[in-house]
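Me: I have a new model open and want to learn how to read it. Can we go through it feature by feature?

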Amino acid sequence: MRAFRSLAVVLAKLALREPVGVFFTLALPPAMAVLFGLAFGNAPIPLQEGRGTMDHQLPAIAAWVFAMTGLFTIPGALLGRRDAGTLRRFQVTPLRPATYLAADVVVHLGQALLGLALLFVVGMGAFGARGGGAPWVVAGAALLDAVAFLALGYALAALLPNARAVLVVGNLLAVPMLFLSGATAPLEVMPEAVQRAAQFNPLHHAVALLRGAWFGEPWSALAASALVVAGLAVVAAGVAAARFRWA
């Protein structure tokens, strides 16, 4: 436990020195809230059941930020340390891979949840965004989304050859995931083929899960999306654990 705590502190300090990680997890969420709030406000919109743009977009922004953290921040940081030989030095110590990964997960999860808190503080405090769902349900949905995309990030770090590949692969995955997520434009106005394709997009289900929890929908209506997100977490975590290497 002492090794875990010491390592978590060191990794937290390293994470705060990573400009990309700090941007995606801590700076981007409140900045997006401000941009959406200033651009669209939060006046009720009939097509959105009387909810405002900020009411509708806050959970979508949160899910999108979790996805960007998994696609870029985590694999970039982990592979950067591997390329620099930092992880190889850990290999010659008694430290087990599980301990290192656990400490890294705690640090990145803490960053992601702090960014989420900043997003909702700005959205609710500055622009009056309201959802109506129980806070503990929203927190549970957010935690599941965050864990799933963090696991995806570690799986990518285990599969990609080096840090240079992160930007290429991340963008190849991020663009269609964002387009088919419902976070940028309502899927209801898109062609039926696009709506069917979106069902295979984990980010679409992450947005649906968090938005549904935020609006107070019953868990029975969110079960399918929750299962998809949980499935991503399990599969990605299995790949990460099986393929993790120090060098």
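Reply: Yes. Keep in mind that this is a predicted model. Start with the cavity lining: Pro29, Ala62, Val65, Phe66, Ala112, Gly115, Leu116 and Leu119 line the largest cavity.

Me: How many cavities of 30 Å³ or more does a search of the whole structure find?

Reply: One cavity reaches that cut-off. The volume of the largest cavity is about 30 Å³.

Me: Which helix gives the most to the lining of the largest cavity?

Reply: Sort the lining residues by element. H5 gives the most, with four residues. Helix H3 (53–83) and H5 each supply at least two.

Me: How do the lining residues divide into nonpolar, polar and charged?

Reply: Seven are nonpolar, one is polar and none is charged.

Me: Let's stay with H5. Is Gln111 buried or exposed?

Reply: Buried means under 20% relative accessible area. Gln111 has 7%, so it counts as buried. This residue lies in helix H5, which runs over residues 97–127.

Me: What does Gln111 touch, not counting residues up to four places away in sequence?

Reply: Its partners are Ala15, Leu16, Gly21, Val22, Thr25 and Leu26.

Me: Ala15 and Leu16 belong to helix H1 (residues 2–16). How far apart are the end C-alpha atoms of H1, and what span should its residues give?

Reply: Use the rise of 1.5 Å a residue. The expected span takes one less than the number of residues. For the 15 residues of H1 that gives 21 Å, and the end C-alpha atoms are 22 Å apart, which agrees.

Me: Which residues of H1 are buried?

Reply: Leu7, Ala8, Leu11 and Ala15 are buried. Down the helix axis, these buried residues fall within an arc of 105°, so they line one face of H1. Arg2 and Leu16 are exposed on the other side.

Me: What do the buried residues of H1 pack against?

Reply: They pack against helix H2 (19–40), H3, helix H4 (86–91) and H5.

Me: Now a residue outside the helices. Where is Trp246 found?

Reply: Trp246 sits in the segment after helix H10 (219–243). Apply the burial cut-off again. The relative accessible area of Trp246 is 9%, so this residue is buried.

Me: Which residues is Trp246 in contact with, leaving aside its neighbours within four places in sequence?

Reply: The contacts are Arg82, Leu87, Arg88, Phe90, Gln91, Leu95, Arg96, Pro97 and Tyr100.

Me: How far apart are Trp246 and Val189 in sequence and in space?

Reply: Check both scales. They are 57 residues apart in sequence and 47 Å apart in space, C-alpha to C-alpha.

How values were computed:
Residues are numbered from 1 along each chain as its sequence is written. This is a predicted model: local features need pLDDT of at least 70, side-chain atom pairs count only at pLDDT 80 or more; totals for chains, interfaces and linings use all residues. Side-chain values use heavy atoms; hydrogens and water are left out. Buried means under 20% relative accessible area, exposed over 50%, partly exposed in between (1.4 Å probe, protein chains only). Contact means heavy atoms within 4.5 Å. On a 1 Å grid over the protein atoms alone, a cavity is a set of points where a 1.4 Å probe fits but cannot get out, and a pocket is an open set with protein on both sides within 12 Å along at least five of seven lines; lining residues have an atom within 4 Å of a point. Grid points are joined across faces, edges and corners, and a volume is the space filled by probe spheres set on the points. Ala, Val, Leu, Ile, Met, Phe, Trp, Tyr, Cys and Pro count as nonpolar, Asp, Glu, Lys and Arg as charged, and the others, Gly among them, as polar. The arc is that of the directions from the helix axis to the C-beta atoms.
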